[in-house]
Amino acid sequence: MEEESTSVESNTGNERIKLNVGGKYFETTLSTLRSGGPDSLLFALSNRRSADPNPVFIDRDPEIFSVLLSLLRTSHLPSTARRFSKQELADEALFYGIDAHLRAATAPPPFSGIDAALASSIRPASEGLPSSFVAADSGAVWIAHGGQISGYDSTLTHSGTVRTHLDEIDSICRVWPEIAAIGSMSDPGLHFYNFSGSRHVGSVHWTDPLDPRIFKAHVNAITASENSVFASFDCPHRENCILEVDKSNLRTVNQFARQSGNQAKNMVPAKLTWIPATGVLVGSAVTGGAFGFSGYVRIWDPRSGEVVWETNEPGGSGRSSRFGDSFADVEADVEGLLLFKLCSKSGDLAMADMRFLKDDPWIYLKEKNASLVSCGEVRNSVVHCYKGQVFVSREGGLEVWSRVEQRENVVVRSENESDAEGFYRRNFVDKREDSDRGIIKKIEGGGDRLFVSREDVEGIEVWESSRFSGAISVL
């Protein structure tokens with residue numbers, strides 16, 4: 001009589017099964033094995049012949065299998081997982097077909113600035129001082145260091161390094177999942193590299209046959225829309241403009257915002273942000289010196305090339321012109337359609353609704369907590385908006401302004417500054433020892449992470465929400 005094989009339907013989830021992994025025996029239930037999913041190797045093993053007295057033999061590492069079996073049982077990694085590298089765990093999980101379970105278990109919790117803590121740091125093997133970086137929605141990140149780009153996947157495992165023809169990379173933008181647009185202040189042109197193929201795929205230069213001053217134009221800032229790449233260029237003679245490049249063929253399709261950068265209000269944009277909801281481009285430039293800060297915020301419609309709104313400081317309307325409190329940095333919240341600026345003298349944070357811009361649209365956020373109010377003059381600052389939160393660095397410190405939930409649907413229309421008191425609340429993200437590590441140069445969010453680089457510090461910091469932020473020990 002032939003032995004009957006045990007089917008998925010006929011086996012109960014509590015029936016036990018024995019496995020021999022690398023000479024070590026394990027006993028578990030069919031339901032645990034099947035929790036790996038129907039496409040996993042372990043699910044297939046659950047259909048083995050029930051009359052076979054010998055445990056299934058798998059020629060793999062038993063210690064890592066013990067970790068993965070615990071993952072299937074609890075949906076969490078045990079503490080013993082720390083004995084193995086991320087790559088070792090990933091390789092074994094892929095073999096068993098449960099790599100999705102591992103990614104879910106190792107992914108950080110939903111990101112919240114008020115619960116964030118320094119989780120790790122990423123340091124490229126060579127030339128470890130980052131000149132720029134860009135994060136992806138998955139939590140992966142590309143780091144430019146020297147003339148190289150090092151990639152790290154969503155688990156922060158090193159995925160490869162590309163050596164470019166540039167000596168230094170000062171700006172980088174992810175225009176496709178595997179294509180990076182890069183620019184350098186020391187070499188002209190906008191260049192595109194295929195990260196997976198480690199090859200240069202094209203370059204764009206700003207030229208004008210009718211103007212001999214337009215040569216060796218360097219890229220200052222890059223951003224991308226669904227179909228285009230926008231880059232700001234400037235020349236040694238300080239002429240500058242913005243080029244729009246078609247992503248499908250890497251050819252220039254538009255040129256606008258050309259100006260001579262002899263004054264602060266005509267500087268090349270140092271920051272560009274595409275706003276998909278309205279189809280406009282936000283650009284800003286700030287310069288500082290012995291007499292304070294000056295610069296502009298400008299919004300263009302690329303279809304016409306016209307400026308639809310702008311403000312210049314000092315000399316513009318509103319509080320900055322009255323008090324000489326020019327902005328030190330400006331950032332656009334793409335999802336909330338808001339502009340934020342950090343004032344250089346007072347340290348105040350102000351916001352403006354891009355749907356209702358006017359001569360003086362700024363509303364100044366006020367903090368009622370007396371211990372948090374004093375900010376003072378700002379010399380080195382960065383503002384970054386991510387997931388409805390505003391992250392602000394002052395020198396080496398990091399703080400977050402979080403929107404108050406009950407006021408989430410309030411539209412900023414009022415001219416009364418006091419109406420903004422309930423919109424946001426301020427909290428410090430870092431500890432004193434964190435802020436002592438150096439001046440923060442760049443902040444960028446990706447996935448459920450916040451990436452931070454500091455002046456003259458190798459690598460970049462990775463901040464994540466703590467899984468235990470809500471747990472308070474009373475023992």
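The following exercises, each with a worked solution, concern a predicted model.

Local features are reported at pLDDT of at least 70 and side-chain atom pairs only at pLDDT 80 or more, while totals for chains, interfaces and linings use all residues. Residues are numbered from 1 along each chain as its sequence is written, and side-chain values use heavy atoms, with hydrogens and water left out.

**Exercise 1. Overall composition**

Determine how many helices and strands the protein chain has, and what share of its residues is buried.

Solution.
1. Helices (H or I, at least four residues) and strands (E, at least two) are taken as DSSP runs, numbered from the N terminus. The protein chain has eight helices and 31 strands.
2. Buried means under 20% relative accessible area, exposed over 50%, and partly exposed in between, with a 1.4 Å probe and protein chains only. Of the 475 residues in the protein chain, 50% are buried.
3. A contact means heavy atoms within 4.5 Å. Among contacts in the protein chain with a separation of 6 or more, 52% are between residues 24 or more positions apart.

**Exercise 2. Cysteines**

State how many disulfides the structure holds, and classify Cys173 and Cys343 as buried or exposed.

Solution.
1. A disulfide is counted when a pair of cysteine sulfur atoms lies within 2.5 Å. The structure holds zero disulfides.
2. Cys173 has 10% relative accessibility and therefore counts as buried.
3. Cys343 has 0% relative accessibility, so Cys343 is buried as well.

**Exercise 3. The largest nonpolar core**

Identify the residues of the largest nonpolar core that touch the most other members, and the element that gives the largest share.

Solution.
1. A nonpolar core is a set of buried Ala, Val, Leu, Ile, Met, Phe, Trp, Tyr and Cys residues joined through side-chain atoms within 4.5 Å. The largest has 25 residues, and those touching the most other members are Leu19, Val21, Leu42, Phe65, Leu68, Leu89 and Tyr96.
2. The elements that give two or more residues to this core include strand S1 (16-21), helix H3 (62-74) and helix H4 (86-96).
3. H3 provides the largest share, seven residues.
4. Leu68 touches Glu92, Ala93, Tyr96 and Ile98, when residues up to four places away in sequence are not counted.
5. Another core, of 20 residues, lies apart from the largest one; among its members are Ile214, Ala217, Val219 and Cys241.

**Exercise 4. Two open sheets**

Give the strand order and the pairing of the sheet that contains S1, and of the sheet that contains S14.

Solution.
1. Two strands pair if DSSP finds at least two bridges between them. S2-S1-S3 is the order of an open sheet of three strands with mixed pairing.
2. Its edge strands are strand S2 (24-29) and S3, each pairing on one side only. Angles run from 0 to 180 degrees between N-to-C directions, and axes are lines fitted to C-alpha atoms, for helices over the stretch in contact. With direction ignored, neighbouring strands of the S2-S1-S3 sheet are turned by 30° against each other on average.
3. Three bridges join S1 and S3 in the parallel sense, and Asn20 stands opposite Phe57 in S3.
4. H3 lies across S1 and S2, at about 10° to S2.
5. The other open sheet has four strands in the order S13-S14-S15-S16, with antiparallel pairing. Its edges are strand S13 (218-224) and strand S16 (251-260).
6. Seven bridges pair strand S14 (residues 228-234) with strand S15 (residues 239-246) in the antiparallel sense; Phe230 has Glu244 in S15 as its bridge partner.

**Exercise 5. Buried arginines and a hairpin**

Describe the surroundings of Arg426 and Arg449, and the link between S29 and S30.

Solution.
1. Arg426, in strand S28 (residues 424-428), is buried because its relative accessible area is 5%.
2. A polar contact is a pair of N or O atoms within 3.5 Å; within protein, one must be able to donate a hydrogen and the other to accept it, and residues adjacent in sequence count only if both atoms are side-chain atoms. The side chains of Arg426 and Glu399 form one, of 2.9 Å.
3. Arg449, in strand S30 (residues 449-454), is also buried, with a relative accessible area of 5%. A polar atom of the Arg449 side chain lies 3.1 Å from the backbone oxygen of Gly139.
4. Not counting residues up to four places away in sequence, Arg449 touches residues including Phe111, Tyr386 and Trp463.
5. Strand S29 (residues 440-446) has five of its seven residues buried, so S29 is largely enclosed by the rest of the structure.
6. S29 and S30 run antiparallel and are joined by six bridges, with Ile440 partnered by Arg454 in S30. The two strands form a hairpin with two residues between them, and Gly447 in the turn has a positive phi of about 65°.
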